[in-house]
Amino acid sequence: MLVKGRKVAVRGDEMGAHYAIGPLDDDVVIKHRLLTRTTTTRGEPPIKKLQKKFVAFALEIDKDSDNYSDCDRLYKAFLQEMATFELPLLKSKAVISANLREKDNFNELQEEINCQILQAQADIEDLKKQLEESKIERQHKEECEAIRRLISMQPPRSETQKYISDLEKEIAVLEAENTAGSRMLDLRRKQFALLLHVVDELQSTIDEDQKSLAEELRNAMEEQKVSLEETNEGPEAMAVD
């Protein structure tokens, strides 16, 4: 007998849904409904009706009385009930076949989608690599463009070469002037050294001359003193005599 699920509300802070039939029993109930063609609990199940028609027909046949019309009527009723019972079975069979085909199609579609997902992931990885390569290439182009701008801001090569030549000439002139100045400075240094040497010799000569003059003056003064003494001694001697 088919049992209908009953929803029970529980009081409290948390409200939960509880059923008399658990989730694991759903397949059993569905299978029972498909076999017995029972879609509702109201009224008799179709298989019970078919069983009653068959039992009534079988009991009517077992009677010994002349009941051909009743047997025929019960037979037709049984066939009609069987046809009524068979029609949903055929529909269920067709639905099952359609579901199986749909399941196969779904599996194929799922495999195709998985393949597309894998291909999309591979494409994404390739695009990421291309993006990185594009970024590097763009960076190189920007660097080349910056270098090109710097080069374009510089004067032409001819002007630069002319400027370098002028600088080289100016450097050569400055080096020549530096060499001439070095030679002149060396000459002045030698002349100054010679002048200092001459001044030293002259100073030495002057010192010697001064010493000689002082010596001569001292000798002259001594000679004059001696002569004065001799002069003074002469009259005194004469007076004594």
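This passage describes the predicted model of the protein, from its confidence and overall fold to its side-chain pairs and surface.

The model is a prediction, and its confidence varies along the chain. The mean pLDDT of the protein is 79, with 78% of the residues at 70 or more. Among the elements, helix H3, which covers residues 68–153, has the highest mean pLDDT, at 89, while strand E1, residues 8–9, has the lowest, at 40. The start of the chain calls for some care: pLDDT stays under 50 over residues 1–18. The model does have 24 contacts beyond four places in sequence for this stretch, but where pLDDT is low, the predicted coordinates should not be read in detail.

Turning to the overall architecture, the secondary structure comprises four helices and two strands. Read along the sequence, these elements follow the pattern β-β-α-α-α-α, so the two strands come before the four helices in the DSSP numbering from the N terminus. Helix H2 takes in residues 46–62, and helix H4 runs over residues 157–240. Of the 241 residues in the protein, 7% are buried. The exposed area of the protein is about 21800 Å², and carbon and sulfur atoms supply 58% of that area. Among contacts with a separation of 6 or more, 46% are accounted for by residues 24 or more positions apart.

A good place to see how parts of the chain meet is the pairing of helices H2 and H3 through two phenylalanines. The search of the whole structure finds one aromatic pair. Its members are Phe-54 and Phe-78, whose rings are tilted, with 5.4 Å from centre to centre and 50° between the planes. The pair links distant parts of the chain, as Phe-54 belongs to helix H2 and Phe-78 to helix H3, 24 residues apart. The two rings also fall into separate classes of accessibility. Phe-78 counts as buried because its relative accessibility is 11%, under the 20% cut-off. Phe-54, by contrast, counts as partly exposed because its relative accessibility is 45%.

Helix H3 also contains Glu-81. With a relative accessibility of 15%, Glu-81 counts as buried. Beyond its neighbours within four places in sequence, Glu-81 is in contact with Pro-46, Lys-49, Leu-50 and Lys-53.

Charged side chains provide a further set of pairs. Side chains of opposite charge can pair when their charged atoms come close, and nine salt bridges are found in the whole structure. One of them joins the side chains of Lys-76 and Asp-72, with an N to O distance of 3.3 Å. Because Lys-76 and Asp-72 are four residues apart in helix H3, about one helical turn separates them. Lys-76 is exposed, at 52% relative accessibility, whereas Asp-72 is partly exposed, at 36%.

Helix H3 holds another such pair, Glu-142 and Arg-138, again four residues apart and about one turn of the helix. In this salt bridge the closest N and O atoms are 3.4 Å apart. Glu-142 counts as partly exposed, with a relative accessibility of 47%, and Arg-138 counts as exposed, with 58%.

In helix H4, a salt bridge links Asp-186 and Lys-190, and its closest N and O atoms lie 3.9 Å apart. These two residues are likewise four positions apart, about one turn of the helix. Asp-186 is partly exposed, with a relative accessible area of 31%, and Lys-190 is exposed, with 56%. Some salt bridges also share partners, and these join Glu-145, Arg-148 and Arg-149 into one network.

The surface has a nonpolar feature as well. Tyr-163, Ile-164, Leu-167 and Ile-171 form a nonpolar patch, and together they have about 360 Å² of accessible area. Ile-171, one of the patch residues, is placed in helix H4. Because its relative accessibility is 45%, Ile-171 counts as partly exposed.

Key
Residues numbered from 1 in each chain as written. Predicted model: local features only at pLDDT ≥ 70, side-chain atom pairs only at ≥ 80, totals over all residues. Heavy atoms only, no water. pLDDT = per-residue confidence, 0-100. Contact = heavy atoms within 4.5 Å. Patch = residues over 30% accessible without salt bridge, like charges linked within 9 Å, V, L, I, M, F, W, Y side chains within 5 Å. Areas by Shrake-Rupley, 256 points an atom, 1.4 Å probe, with all protein chains shown as cover. Salt bridge = Lys/Arg side-chain N within 4 Å of Asp/Glu carboxyl O. Buried < 20%, exposed > 50% of the residue type's maximum accessible area, 1.4 Å probe, protein only. Phe/Tyr/Trp six-rings, centres within 6.5 Å; stacked < 30°, edge-to-face > 60°.
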